[in-house]
Amino acid sequence: YRDVTDLMNTFVFEMGRWLGLPYTNHTRYVEVFINGDYRGLYQLTEQIQQNKNRVNISKEHGILISLDVDDGPAESPNATDNFWSKVYKMPVCVKYPDDETFTNNTCDSVRAELGKLELAIKNKNYSQIEQLLDIPSFIKYLQIQEFVYNVELSDPRSIYMHKDGDSKWVMGPLW
């Protein structure tokens, strides 16, 4: 409804690739016909998931989350894969570890990891932020959001972050 050109998502993915954001989706347009009846122009893209060909984080120590009001605790309060973040009360859904590798303390450990970053941001502890967050990916991510005037940052919707073990949080993949 916001993009009558049908170019915004393609622009985002192309810009993400150009800026070198990891795990940026490939995409293509498809025209859909069902029984000869034209149903419109759609964009076909990859699913965001942990996988050696997608978000290549380790099975043992990787974390993939989305900040998303539609996928978080507000809309799915009984789900076991989401929570409100500690400091900023952001709706978080744990995408990986997934159902196959999820344990009872997965949300608690992810909440604690994200909480370290949130606390550093709240306290304006820039040296700690630099240790916890991949700043170049954050800047690139925000540049893309500004170019397309993505209003979903304030809700939030479809904001992905990942980290692998003791590494830094990295922004993306792009929605």
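Lys95 is a good place to start: in this predicted model, its relative accessibility is 29%, and the residue therefore counts as partly exposed. Its partner is Asp71, and the two form a salt bridge whose closest N and O atoms are 2.3 Å apart. If you trace the chain between them, you will see that this pair links distant parts of it. Asp71 lies in the loop between β3 (62-67) and β4 (82-84), while Lys95 belongs to strand β5 (residues 91-96), and 24 residues separate the two. Asp71 has a relative accessible area of 24%, so this end of the pair is partly exposed as well.

Why would such residues come together at all? Side chains of opposite charge can pair when their charged atoms come close. The structure holds 9 salt bridges, and a few more of them are worth a visit.

Move on to helix α2, which spans residues 106-122. Here Arg111 and Asp108 form a salt bridge, with 3.0 Å between the closest N and O atoms. Both partners sit in the helix, 3 residues apart, which is about one turn. With a relative accessible area of 23%, Arg111 is partly exposed. Asp108 also falls in the partly exposed class, at 46% relative accessibility.

Stay with helix α2 a little longer, for Glu113 reaches out of this helix to another element. Glu113 forms a salt bridge with Lys163, and their closest N and O atoms are 3.2 Å apart. This pair, too, links distant parts of the chain: Lys163 is in strand β6 (residues 159-164), Glu113 is in helix α2, and they are 50 residues apart.

Is Lys163 buried or exposed? Its relative accessibility is 5%, and because buried means under 20%, Lys163 counts as buried. Glu113 has a relative accessible area of 24%, so this partner is partly exposed. Elsewhere, salt bridges with shared partners tie Asp70, Asp155 and Arg157 together into one network.

Lys163 deserves a second look, this time for an aromatic neighbour. Which ring does the charged end of Lys163 sit over? The ring belongs to Trp169, and the charged end lies 5.9 Å from its centre. Lys163 thus takes part in a salt bridge with Glu113 and also has its charged end over the Trp169 ring.

Rings can pair with one another too, and the structure holds 2 aromatic pairs. A pair of aromatic rings is described by the distance of the centres and the angle of the planes.

Conventions: Residues numbered from 1 in each chain as written. Predicted model: local features only at pLDDT ≥ 70, side-chain atom pairs only at ≥ 80, totals over all residues. Heavy atoms only, no water. Salt bridge = Lys/Arg side-chain N within 4 Å of Asp/Glu carboxyl O. Helix = DSSP H or I, 4+ residues; strand = E, 2+ residues; numbered from the N terminus. Buried < 20%, exposed > 50% of the residue type's maximum accessible area, 1.4 Å probe, protein only. Phe/Tyr/Trp six-rings, centres within 6.5 Å; stacked < 30°, edge-to-face > 60°. Lys NZ or Arg CZ within 6 Å of the ring centre and 35° of its normal.
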